[in-house]
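Here is a short note to help you find your way around. Have the sequence and the 3D view open as you read, and take the points one at a time.

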Amino acid sequence: MKKCSILLLGVMFSLAGCSGEANNNVVKVYNWGDYIDESTNRMFEEETGIKVIYEVFPTNEEMYAKVSNGNATYDVLIPSDYMIEKMINEELLTKIDMTKIQNYQEIDDDFKNLPYDINNEYSVPYTWGTMGIVYNTSMIDEEIDEWADMWNPKYENQIFMYDSERDAIMVALKKLGYSMNTKDPSQLEQAKQELIAQKPLVLAYVGDEGKGKMENGEAAMMLAWAGDAELMIGNNPDLKYVIPKEGTNYFVDAMVIPKNSENYDNALKYIDFMCRPDIAALNMEYIGYSTPSSAARELLPDEMKNSEVAYPDLDLINKEMFTDPSSMLETYSRIWTEVKAASK
Amino acid sequence: MMNSLKRIYLGIIIVILYAPILVLITFSFNESKTTSWQGFSFKWYIQLAQNPSIQSALRYTLIVAFVSSIIATIIGVMAAVMINNLRGIKRQFIMALTYIPLLSPDIVIGISLMMLFSTINVPFGLTTLILSHVTFSTPYVILSIMPRLMLLNPNTYEAALDLGATPLYAFRKVILPEILPGVISGAFIAFTMSIDDFVVSFFNTASGVNTLSIQIYSMARRGVSPEINAISTLIFLTIVIILTIVNIKASRKMKLEGVQK
Amino acid sequence: MNRKYLITPYALWSFIFVIVPLFLLVIYSFVKTVDGQVIFSLESYTKFFDPLYIDVLLRSLRLAFITTIICFIMAYPLAMILNSREFSNKTMILILIILPMWMNSLMRTYAWMILLENKGVINNILNFFGLPTKQFLYSEGSIIFGMIYNFFPFMILPIYTSLTKIDNHLIEASYDLGANKILTFRKIIFPLSFPGVITGVIMVFMPSLTTFMITRLLGGGQVILIGNMIEEQFTRTNNWGFGSALSMILMGIILVSIMFFSKNETLAKGGSLI
């Protein structure tokens, strides 16, 4: 018995030892799931000797819930535009010393001075993209080109919606021809009714797991981001991506540093590293999203570089960006609960 | 007739219980990442050895399980011995306290601890994980020791004291050997509960400290990598092997004792 | 042993990590913040009394009931079979039943997703035999199935334990006195196994009522239960007050149902079976 417990203690301490030593020189990164080529983290570790502690979140809202309560410490976050705006407003972010980000010059001017961070003080763009519909041409004969197609009873139980209140409400509002940032109660009420009406047609409200299912032909149509669509089409050429003509969400995800970061300098190095064109290109090739840096885009394989899915002509799209939703959160949550609780 | 019906029923239940496990093990040897069979391969086991995030999750899972089950066992043994001596309202009070975590839903334990840690500003991570695991597993340790203690003759302990043993010595020589099976099974329950826990950990960790369960949950929502199948298979097999060895030893011991008698 | 201080660590631990958190739960459920000022408010509770949330609660109760009843109907005969004489290696079979619990429960639930998908293993087998694809997933049915699968062992173990404790002489005596099998079961076996049944019912009902993971993985977001609503208040909506109030209501329901199902004594007996 005694030997046993000594052995146990030994194992315990050696285990604890492994994890303890790592705590000195680290950068803690909190990013979307499936949103990086993890080998770039290893390359960063090798180049700088800073260990990357990497964790993922499924939605902006879940990231915010964890970070805003103050007891979770991360050094680099990669939220979307409207969430960055909200976090700046709530003073959760710290300014980034842009003189230390040498590769910031690689970011195209199109992605600077955007409304969520008008003076480029808090964020460095990581990716951008649009939201649209991915559909399986072997299951759908007609041309899909508008949100209303997701309400077509022909496709009952063949539609995947995204399990994220903001994106689902965006789709309904756009279908109705409203702004996705509307605060008008009657417009939101109509959007809710649309979503409830759509529920019987929806096979499932999915998260990222929907991508693999869609590739396997589990559903015929799915609400998806362009980057995910790019990868899905790579795995199953029958799939096709469209940006509906009613207009859509145009987003930028950017790297920011939270106020309670304990490794500010390492965070700067990490952000700088991720902006380097060769690294950004590696990441974009892996995740399928669009890079805000022309230099990085040049390094991509041809079919990706010229992809209309990832790099649509922004001037031709009827696009809109989300804004700080703080005052509307209760309303959104209520709408979404009603949709989810509605009988199928 | 009746007999074969029983066997069929038992068989169906066993099949249902093992179907998903079979699927997981099978797909851990699948060449492809998708859920269609593309040929046999050890690829995911090899990649497992190079995947830092799964390795760190495994490490945290084991650290938390070892540390929390040891603390829970120590606290639990001390508490159980004392509860056994308490009578009346005090005993009822402590027992009620013991039943609270047992009868509270995981999700309530999880969020209430989360609120505690945020209120008193304990940063989420390894510490909060261990504290919360000790909290939900200690009652199981106590409850697995109590029945043994009730069988104990209190006079033997008194006798040891009368014969000049220090309380600690008397505890080690008189009480501990009697309750040891209960202590061991309690520690084992605490350990496995900690390894399998998802809900409480989910609310009480952050900053890159992940257990396997949390890793699996975040992956299940975006396609589980077959490496997770591989590590689950390994853990499962380890436990099957340990249980088999323990059982064989136990049955041998039983046989030996039977011979001696 | 009069060293009462030995209990201090446990008492202290329970106070800090059990009592205080529950106390916080109560407080959070009764306050709200207005202009940075924390004031007493019943808002979180009044918010709950809304057909929308009541509906979610009722659905959760219904699914938990169905799960518990099916688990009971499946487990009792199995426990009887295990306890019957013709199986010589009962321990072996019992271990066989418990063993799957050592595979991570999330993994097992996830595996059912692979099995039950429209393009999943079972549907592939159906298609192979020329049968049409059947949609198993993304419904209340698949959630109930997942809960039964996950919590079934919690029902079988206590029932089996209480059956093994029944003195065989009682049963023989009943036969000797002329009772037939059914009467013996009704008057002797079932009443004596009742504490095990109660423990099993509580141990299945409680996690079924509160799960949020099974709904997420097998329900495809089509159904939301009270567990999901609580989780959402803490991980997405960030409304701790409402989340706490929901938890308080949930605790209340569980407490009432436990009191309804059992008196203290049977609970204590059942509890020691764990």
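1. Let's begin at a domain boundary: between domain 1 of chain C and domain 2 of chain C, the rule finds zero salt bridges across the interface. Please keep in mind throughout that this is a predicted model. The count of residue pairs in polar contact between domain 1 of chain C and domain 2 of chain C, both at pLDDT 80 or more, is also zero.

2. Where do the two domains lie in the sequence? The assignment for chain C places domain 1 at 1-41 and domain 2 at 50-268. Their centres, taken over C-alpha atoms, are separated by 31 Å.

3. The two parts do touch: five residues of domain 1 of chain C are in contact with seven residues of domain 2 of chain C. Together the two domains bury about 520 Å², and 83% of that is on carbon and sulfur atoms. On the side of domain 1 of chain C, Leu25(C), Tyr28(C) and Ser29(C) lose the most area to domain 2 of chain C, together 79% of what that side buries.

4. Now a look at chain B, where the mean pLDDT is 87 and 94% of the residues reach 70 or more. Among the elements of chain B, helix H5 (residues 106-119) has the highest mean pLDDT, 94, and helix H11 (residues 226-260) the lowest, 79.

5. One residue to pick out in chain B is Ser185(B), which lies in helix H8 (residues 167-196). Ser185(B) counts as partly exposed because its relative accessible area is 32%, between the limits of 20% and 50%. From Ser185(B) to Tyr140(B) the C-alpha to C-alpha distance is 9.5 Å, with their positions 45 residues apart in sequence.

Technical notes: Residues numbered from 1 in each chain as written. Chains lettered and ligands numbered in written order. Predicted model: local features only at pLDDT ≥ 70, side-chain atom pairs only at ≥ 80, totals over all residues. Heavy atoms only, no water. Helix = DSSP H or I, 4+ residues; strand = E, 2+ residues; numbered from the N terminus. Buried < 20%, exposed > 50% of the residue type's maximum accessible area, 1.4 Å probe, protein only. pLDDT = per-residue confidence, 0-100. Domains from an automatic or database assignment. Contact = heavy atoms within 4.5 Å. Buried area = accessible area lost by both parts, 1.4 Å probe. Salt bridge = Lys/Arg side-chain N within 4 Å of Asp/Glu carboxyl O. Polar contact = N/O pair within 3.5 Å; in protein donor to acceptor, adjacent residues only side chain to side chain.
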